Each structure stands twice: as structure tokens, then as C-alpha cells.
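User: I would like to go through this structure carefully, with the reasoning shown for each point. Please tie every answer to a value or a name.

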Amino acid sequence: MARAFLVVLDSMGCGGAPDADQFFNGDRPDTGANTLAHIAAACAEGRAEDGRSGPLSMPHLGRLGLGAAVRLASGEAAPGIDPEARGLWGAATEVSRGKDTPSGHWELAGVPVPWDWTYFPDEQPAFPDDLVEEVKRIAGVGGILGNRHAPGTAIIEAEGERHQETGWPICYTSADSVFQIAAHEESFGLDRLYDLCETLAPTLHKMRVGRVIARPFVGEAGDYTRTPNRHDYAIAPPAPTLCDWVQGAGRSVQAVGKIGDIFSMRGIDEVRKGPDEVLMGHLSDLVDEAPEGGLVFANFVEFDSVYGHRRDISGYARHLEWFDRCIGPILARLRGDDLMVFTADHGNDPSWTGTDHTRERVPVVAAGPYRGQIGQCAFADVAASVAAHLGVTAEGPGRSFL
């Protein structure tokens, strides 16, 4: 039986969202944001720093149709990316009212979000008093640190030493629907951090806050480092997703990266985690090992977490080129009836103001037994198409583009 690989390059948007004017980074609307096009333009014009030079080089995804997808989505070119498409390609538009991880992934898996997320718009203090009291009660501490909007690495640097002195957890948020808790793996305890987040999560989920995220770190004052032991406690999808459809048909579903967290382990048989470099090895192994008729669902998060939010154009460009170099040999080993789809869950234009995600369309390019232009499609059409390829009944609103 045919197999399918759905690979999300987290935040690799391509501009053109028709409702971008309704989403903001600070006071600036996301109108005109274009993650791929603006990175490619910066490389071509020599504005990507840190020793990187020359046009953006992505020959493998370019041949599948990545450059053509950018132009289709936004009308902009992505200099350096092959504009000629030889695979299956198009661009997808999201209908969920968010530009966040759960919304994007759930809709790609066939389930648009039917509610509005709850956010914490006040920058400092960010959280209501009753929620702070609940954190203190669960953790058994006299207070919390942070209680504001902040990048994760910055707040650890600012509050890490006091955290170790007091034992109080560092709680912070962003423009996303998220409650993040950072704590030292040794002085606070990793299991204790997980227990705190897991116990708190139902309270946040009732509020329609999408995720509670455990953000462990190690080190000493002046030299703190986040570890790979992040864990997301996400609200469960409101309906069966592609993962459930495939598993319900008696097939295997293997998750790479944070997919298991995003879907609250619903419809997931196995999870393989690690930093992106390790995840690439897992994806490579699964091309050889994944069972017939199964789904491999992967997320590569560092485009977003390491480069997009930090507005690091050069780092994002290098990571795109690294991914493309690694994926070439993997594509060469696909079986004749395998389908490997590359897409994204939202944008995070590193040339944009602020530090938030950007509302964009996303590219959809695929290697496998199909060729041609998909055109403009919906996020949910990705799930319907993967299901059609696997011969599994799709239950969501999407329509197959195969």
C-alpha cells in the first residue's frame, strides 16, 4: 500500500493571506508579510548577515515548485529559488481565526478551529490574579516570576538567577494563545515542571488558551541554555483529524517532532523527538522503516522557534538551505508510490516588525506519483489529499487536489 509523509516546515509562509490586515505585530498589520520571499530577497541583495552570502539556494524544494508557489500565493518572486515547477505544487489559505501552531496543524489535518482563542493582551502583568494564584497553589510556592510578554531566551537570562534563588517558576506569554513556564531542570526539577504544566493545563484549556508549554533550562547565571525537553500540553482537537482517520483505518501514524504534543497524542502510534538535526535523521529512517499504508507526520520547529521569532534572516536562510540539502537524498529514496508533502502552519517573517507569527498563505509542494499545479487550495485540502492517497476516508471539509 502507498505511504504518505506530511512535513511541516514550521512558519515557512509565502505571503498573500487575504485577511492579513486583520492580524497584527504590535501596531503594524501583517499585510505584505512574506517569509520566503523576504528571506530570498535579503539573500539576493546581500542583506543576510553573519557571513552568509549569495542567493538563497533550495534546488530540491525549488524543483518541486516552491518558487512557483510563492509567486502564486503573493505575486512576489523568491530570488534564487527555481521558479519552474516539476512536482505537485500550490498554495494554501487558512480559514481558522489564528496564526498559531494548533490552528495551522489542526486545519492541515482536516479540522479548522471552530472557536476564538483566548490571549493575554496585557504585556505586564500579563496574567489575571486568580490564574497566578492557581499556579502558586499547584507549585507550592509563594510567587511567580516573569508574568509578562517576553522571548523565552531573554526571560530566562533576566529571571533565571532569581528563579534558582526563590524556586518560583518563570511564567510568560506572547501574542500567541499560550502560557509558558520555564524552570531549571536541576534546581526546580524536570518532572516537577511537567507535573505543574500538566496539572495547570485543564484550567487554561477551559479558558480556550491553546497550549501550556514546559520550557526547561540548565546552566548558571549568565550561561543559561534551554534544553530539548520542551513539552507542549495542547488543547485536544475538537473533532477527529487526519491522524485519527488513518489510525481508525488500521494504519500506523508516526509523529516526528512536536506533532504528538499538538494533537494531544490522539491518533498517534509513535513519537520521535529531538532538535531539527535529529528529526531529519528520524525522517530519513522512516523512509526506510515506515509500514505500508501508514502516515508519517513531521514538524521541523527551529525555523520558527530559533530564527523567526528572533527575526534572524540569515539564520532562517541557512536553516532553509540545510533542510534542502538534507532532503535531497531522502527524496531520492522514496518508493514509487510514496507521497511526501511539504508545507507550513503559518508565517513568521524575520524581516517584519515585532516577534509574533505573521498571517500568510503557505506553500504546498509534493514529491511522488503526481505532477502539476494545485492552484489555490485550503489548508484542509491537504488532509483530504493525503487521505485520498492512502485510500482512507476523509471526514473533514477539505477536498482532495490529487
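User: What is the relative accessible area of Tyr-316?
Analyst: This is a predicted model, in which local features need pLDDT of at least 70 and side-chain atom pairs count only at pLDDT 80 or more, while totals for chains, interfaces and linings use all residues. Side-chain values use heavy atoms, with hydrogens and water left out, and residues are numbered from 1 along each chain as its sequence is written. A residue is called buried under 20% relative accessible area, exposed over 50% and partly exposed in between, using a 1.4 Å probe and protein chains only. Tyr-316 therefore counts as buried, its relative accessible area being 0%.

User: How many aromatic pairs does a search of the whole structure find?
Analyst: Rings of Phe, Tyr and Trp (its six-membered ring) pair if their centres lie within 6.5 Å, and the planes make the pair stacked when under 30 degrees apart, edge-to-face when over 60 and tilted for the rest. With that criterion, the number of aromatic pairs found in the whole structure is 13.

User: What is the angle between the planes of Trp-106 and Trp-115?
Analyst: Trp-106 and Trp-115 are both buried. Their rings form an aromatic pair of the edge-to-face kind, 6.2 Å from centre to centre, with an angle between the planes of 90 degrees.

User: Which kind of pair do the rings of Phe-303 and Tyr-316 form?
Analyst: A pair of aromatic rings is described by the distance of the centres and the angle of the planes. For Phe-303 and Tyr-316 the centres are 5.7 Å apart and the planes stand at 40 degrees, so the pair is tilted.

User: How many residues apart in sequence are the parts that Phe-303 and Tyr-316 tie together?
Analyst: Phe-303, like its partner, is buried, with a relative accessible area of 0%. Helices (H or I, at least four residues) and strands (E, at least two) are taken as DSSP runs numbered from the N terminus. Because Phe-303 lies in helix α11 (residues 302–308) and Tyr-316 in helix α12 (residues 313–332), the parts tied together are apart in sequence by 13 residues.

User: Which residue, at 3.6 Å from the ring centre, lies over the face of Trp-352?
Analyst: A charge sits over a ring if NZ of Lys or CZ of Arg is within 6 Å of the ring centre and within 35 degrees of the ring normal. Arg-192 lies in this way over the face of Phe-188, 4.0 Å from the ring centre. Over the face of Trp-352, at 3.6 Å from the ring centre, lies Arg-28.

User: How many residues of strand β15 (residues 362–367) are buried?
Analyst: In a regular strand the side chains alternate between the two faces of the sheet. Both faces of β15 are covered, with Val-362, Val-364 and Ala-366 buried on one side and Pro-363, Val-365 and Ala-367 buried on the other. Strand β15 is thus mostly covered, and the number of its residues that are buried is six of six.

User: Which residue stands opposite Pro-363 in β15?
Analyst: Two strands pair if DSSP finds at least two bridges between them. Strand β4 (residues 88–93) pairs with β15 in the antiparallel sense over five bridges. Within this neighbour of β15, the residue opposite Pro-363 is Ala-91.

User: Which residue stands opposite Val-365 in β15?
Analyst: Strand β14 (residues 339–343) also runs antiparallel to β15, joined to it by three bridges. One residue of a ring cluster, which links Phe-300, Phe-303, Tyr-316, Trp-322, Phe-323 and Phe-342, takes this place: opposite Val-365 stands Phe-342.

User: How many residues apart in sequence are the parts that Asp-338 and Arg-3 tie together?
Analyst: A salt bridge is a side-chain nitrogen of Lys or Arg within 4 Å of a carboxyl oxygen of Asp or Glu. Asp-338 is buried at a relative accessible area of 1%, and Arg-3 also counts as buried at 1%. Their side chains meet in a salt bridge of 2.7 Å, N to O. Since Asp-338 lies in the loop between α12 and β14 and Arg-3 in the segment before β1 (4–9), the separation in sequence is 335 residues.

User: Which residues are linked with Asp-19 and Arg-97 in a network of salt bridges?
Analyst: Arg-359 forms a salt bridge with Glu-94, with the closest N and O atoms 3.4 Å apart. This pair links distant parts of the chain, 265 residues apart, with Arg-359 in the loop between β14 and β15 and Glu-94 in the loop between β4 and α4 (101–108). Arg-359 is buried at 3%, as is Glu-94 at 6%. The residues linked in the network with Asp-19 and Arg-97 are Glu-94 and Arg-359.
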